[in-house]
Amino acid sequence: MHLAPTDEQQAVAHEARRFLDAELTRERRLEWDALPAGYDPAFWRAVAELGWLGFALPEKSGGQGASLLDLGLLVEECGRAVAPLALFAAWTGGLALQALGTPAQKKAWLPAIARGERQVALAVSERGAALEPSAMTTTVTRRGRNLVVHGEKDFVLQGVTADAFLVAGCDGRRGVSVVLVPRDAKGVTVTPLATFAKDRQSTVRLRQVALPADALCGTPATAWPRLEKLRRTFATLLCCDLIGGADTVLEMTVRYVGEREQFGAKLGTFQAVQQMVAVMAIELEGARHVARQALWRLAEGLPSEREIAIAKAWVGRAYREITLMAHQLHGGAGYVVEHPLHRHTLRAKQAELLFGSSEDWLDTLADQLRLAPRVA
């Protein structure tokens with residue numbers, strides 16, 4: 001197992017950091033907070049020209065064919081800068097269509113996604129059914145040769161700017177199907193959700209949406225195992241975002257306690273402060289190791305369910321704890337909305353819930369450890 005980035009990967013990460021440092025100024029982020037998309041068109045064009053939006057898509061579809069490890073390092077740099085989650089949503093939407101779509105759907109959508117001209121969002125979760133397909137109330141039925149989709153999806157990442165949705169629904173009693181639903185189809189409404197971190201999530205309502213048969217992605221009623229695999233992959237990539245954010249918080253805290261004076265001495269000279277920063281560093285290093293181990297096993301096609309559960313449960317909690325300790329050491333300065341620590345804190349709390357909460361992944365790990373007798 002080799003987890004250290006190669007020279008080429010380090011060069012990509014370095015360029016990404018330089019670009020994001022220049023683009024994501026405090027003033028520009030404050031302006032974006034008031035925009036419906038959470039970013040401006042100039043930023044989206046810039047990341048598209050860099051090839052980021054098709055970074056992990058196949059070259060034949062207009063992408064760059066980067067590996068999952070390569071994408072993880074780019075995501076980590078975006079997390080370091082607390083970049084808009086619209087980027088993460090674009091990657092997950094493209095990868096989901098690559099995994100679930102028919103050849104015709106990929107040909108029609110992936111090149112435009114890579115160019116930044118169109119966006120696809122994954123719409124799976126419902127308020128009462130995030131992880132259990134049998135509890136799903138959204139349905140996919142047949143009317144003649146057409147499909148009819150009816151239901152409601154919540155927490156759709158970047159639904160406000162999506163041009164189409166990959167909607168999961170119960171297909172009779174046989175299983176779960178996924179259907180590609182254009183945003184402008186009759187019966188589709190998209191409502192923005194107010195979220196803790198002000199990321200752009202939406203509720204997507206589908207009222208008897210009639211679609212041609214070729215809107216179906218893959219074989220009917222067989223999508224759930226592929227959706228679960230995508231959830232594990234996206235949870236691991238999200239861990240990379242959180243690692244980048246936690247690294248930045250540690251760096252800014254070390255810098256702050258090294259400069260700030262109290263009682264005539266630098267804060268960093270007090271033993272209690274030193275120990276708190278040391279704990280933050282330990283939390284980060286442990287989280288970084290488990291996240292990269294999980295991503296490496298995924299990229300190599302090795303069994304990784306146990307490692308992913310450990311990573312998502314650990315990294316989400318670690319980022320949250322690191323930001324809380326940073327607030328204690330920054331004092332009142334860290335609670336100012338304009339301070340970058342404030343944005344990291346919101347991201348840490350929000351992202352802890354995405355693609356399964358820490359508690360959900362602890363339950364998954366407990367199942368892996370076989371703590372309870374299996375029912376025959």
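These legends accompany close-up views of a predicted model.

**View 1. Phe19 and Trp52 meet edge-to-face.**
A pair of aromatic rings is described by the distance of the centres and the angle of the planes. The model has six aromatic pairs. For Phe19 and Trp52, the ring centres lie 5.3 Å apart and the planes stand at 75 degrees, so this pair is edge-to-face. Phe19 belongs to helix 1 (residues 7-23), while Trp52 sits in the loop between helix 3 (41-49) and helix 4 (68-80), so the pair ties together parts that are 33 residues apart in sequence. Both partners are tucked away from the surface: Phe19 is buried at a relative accessible area of 11%, and Trp52 is buried at 7%. If you follow the ring pairs onward, you will find Phe19, Trp32, Phe43 and Trp52 linked into a cluster.

**View 2. The surroundings of Trp52, in the loop between helix 3 and helix 4.**
Which residues touch Trp52, leaving aside its neighbours within four places in sequence? The contacts are Ala16, Phe19, Leu20, Val47, Leu74, Cys78 and Trp91. Two of these, Leu74 and Cys78, are among the buried residues of helix 4. Elsewhere along the chain, Gln64 comes 12 residues away from Trp52, and the C-alpha atoms of the two are separated by 8.4 Å.

**View 3. Helix 4 and its covering.**
Please look here at how helix 4 is enclosed: 10 of its 13 residues are buried, so the rest of the structure largely encloses this helix. The buried set is Leu71, Gly72, Leu73, Leu74, Val75, Glu76, Glu77, Cys78, Gly79 and Arg80. Their cover includes helix 1, helix 5 (85-100), helix 7 (224-259), helix 8 (271-299) and helix 10. As a check on geometry, 13 residues at 1.5 Å a residue should span 18 Å, and the end C-alpha atoms of helix 4 are 18 Å apart, which agrees. Just after the helix, Val82 takes a positive phi of about 50 degrees.

**View 4. Helix 6 and a charge over a ring.**
Helix 6 (residues 103-114) passes the span check too: its 12 residues should cover 16 Å at 1.5 Å a residue, and its end C-alpha atoms are 16 Å apart, which agrees. Gln105, Trp109, Leu110, Ala112, Ile113 and Ala114 are buried in this helix. What covers them includes helix 3, helix 5, strand 1 (120-123), strand 4, strand 5 (175-182) and strand 8 (216-217). Trp109 has another partner to look for: the charged end of Arg118 sits over its ring, 3.7 Å from the centre. Just after helix 6 comes Gly116, with a positive phi of about 80 degrees.

**View 5. Positive phi at Phe155 and Gln158.**
Neither of the residues in this view is a glycine, yet Phe155 has a positive phi of about 55 degrees, and phi of Gln158 is near 55 degrees. Phe155 is placed in strand 3 (residues 146-157), whereas Gln158 is in the loop between strand 3 and strand 4 (164-171). Are they buried or exposed? Phe155 counts as partly exposed, at 40% relative accessibility, and Gln158 counts as buried, at 4%.

**View 6. The largest pocket.**
The largest pocket holds about 680 Å³ of space. Of its 32 lining residues, the closest to the centre are Ser125, Phe155, Leu354, Phe355 and Gly356. Phe155 thus links this view to the one before, with its place in strand 3. Helix 5, strand 1, strand 3 and helix 7 each supply at least two residues of the lining. Which element gives the most? Helix 7 does, with six residues.

**View 7. The largest cavity.**
The model contains four cavities of 30 Å³ or more. The largest cavity has about 310 Å³ of space. It is lined by 19 residues, and those closest to its centre are Arg29, Asp33, Ala197, Lys198 and Arg343. The elements that give two or more residues to this lining are helix 2 (26-33), helix 5 and helix 10 (340-351). Among the contributors, helix 10 gives the most, with four residues. Helix 10 is also included in the cover of the buried residues of helix 4.

Key. Residues numbered from 1 in each chain as written. Predicted model: local features only at pLDDT ≥ 70, side-chain atom pairs only at ≥ 80, totals over all residues. Heavy atoms only, no water. Phe/Tyr/Trp six-rings, centres within 6.5 Å; stacked < 30°, edge-to-face > 60°. Buried < 20%, exposed > 50% of the residue type's maximum accessible area, 1.4 Å probe, protein only. Lys NZ or Arg CZ within 6 Å of the ring centre and 35° of its normal. Expected span 1.5 Å × (residues − 1). Contact = heavy atoms within 4.5 Å. 1 Å grid on protein atoms, 1.4 Å probe; cavity = no way out; pocket = protein on both sides within 12 Å on 5 of 7 lines; lining within 4 Å. Points joined across faces, edges and corners; volume = space filled by probe spheres on them.
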